[in-house]
Amino acid sequence: MKPKQLVLALLTTTAFLSVLPLSHSLTGINSSSAQTPSKFVTYTEPNFFSIQHPSGWTIDKSASNYTILWSRKPSGPGGGKAPANLVKTDITVTDGSLETVVKRDIASSQSYNATVKQRRNLTINGRNAVRVYLTGGGFDFPDTMLTFVRYNNKQTVVISSYYTASNSSAAGTIERIHGSFRLLR
């Protein structure tokens, strides 16, 4: 048996015997980030959209075209550094085509010294979308995930999640929330 095959066989056997988690031994994923996901529930804004979020999260409906999902409601106003386990997601509709809104929001974020870590095109609910990952910017949350979904030729839905990347389960949870977005009209 060749050395690589022997090492792979030993790692696989060890993982199956539960001595070493398979995800850690083969992919380098920290076992704390491979937690069992919490139960998700669906929030529906009648005749507009639905989105899934972990049960126990708080919904703040402060305006007709603005919804906030909180992993837990903060006890006071912002203006400081958000706790690492806090996640805030805003959902709003803004005027402008998908391309215009993406460019405008990236430029605005960069004016506050945020850096684009990644940008990718995707499809959500059969609609063109763009996902942008930002870091920095000097706000309460050091990291941001933005998903822009084409609503029509003149409007775009923006889903903005604010979090701390050191929260190992945040990015996966946020991606799941953003990916569950469905327009109802």
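**Reading a predicted fold, one feature at a time**

Modeller: Let's start with serine 160, which counts as buried because its relative accessibility is 8%. Buried means under 20% relative accessible area, exposed over 50%, and partly exposed in between, using a 1.4 Å probe and protein chains only. Before we go on: this is a predicted model, where local features need pLDDT of at least 70 and side-chain atom pairs count only at pLDDT 80 or more, while totals for chains, interfaces and linings use all residues. Residues are numbered from 1 along each chain as its sequence is written, and side-chain values use heavy atoms, with hydrogens and water left out.

Biologist: Okay, so where is serine 160 found, and which residues does it touch?

Modeller: Serine 160 is in strand S9. Leaving aside residues up to four places away in sequence, it touches Lys88, Thr89, Asp90, Met145, Leu146 and His178. A contact here means heavy atoms within 4.5 Å.

Biologist: Is asparagine 153 buried or exposed?

Modeller: Asparagine 153 counts as exposed, because its relative accessibility is 64%. You'll find it in the loop between S8 and S9. Its C-alpha atom is separated by 9.4 Å from that of aspartate 95, although the two are 58 residues apart along the chain.

Biologist: How much of the whole chain is buried?

Modeller: Of its 185 residues, 37% count as buried. Take the contacts between residues at least 6 apart in sequence: 47% of them join residues at least 24 apart.

Biologist: How many helices and strands should I look for?

Modeller: The chain has 4 helices and 10 strands. Helices (H or I, at least four residues) and strands (E, at least two) are DSSP runs, numbered from the N terminus. Walk along the sequence and you meet them as α-α-β-β-β-β-β-α-β-β-β-β-α-β.

Biologist: And how do I read strand pairing, say for S6 and S7?

Modeller: Strands of a sheet pair through backbone hydrogen bonds, either parallel or antiparallel. Two strands pair if DSSP finds at least two bridges between them. Here S6 (residues 114-124) and S7 run antiparallel, joined by 10 bridges. Threonine 123, for one, has asparagine 128 in S7 as its bridge partner. The hairpin of S6 and S7 has 2 residues between the strands, and asparagine 125 there takes a positive phi near 55 degrees. S7 is also joined to S8 by 7 bridges, again antiparallel, and valine 130 stands opposite phenylalanine 148 in S8.

Biologist: What order do S1, S2 and S10 take in their sheet?

Modeller: That open sheet of 3 strands goes S1-S2-S10, with antiparallel pairing. S1 (40-45) and S10 (182-183) are the edge strands, each pairing on one side only. S2 (residues 49-54) and S10 share 2 bridges, and phenylalanine 49 stands opposite leucine 183 in S10.

Biologist: Last one: what lines the largest pocket?

Modeller: Rolling a probe the size of a water molecule over the atoms shows where empty space is left. On a 1 Å grid over the protein atoms alone, a pocket is an open set of points where a 1.4 Å probe fits, with protein on both sides within 12 Å along at least five of seven lines; lining residues have an atom within 4 Å of a point. In this model the largest pocket is lined by 21 residues, with Ser109, Phe139, Thr144, Leu146 and Tyr162 nearest its centre. H3 gives the most to that lining, with 4 residues.
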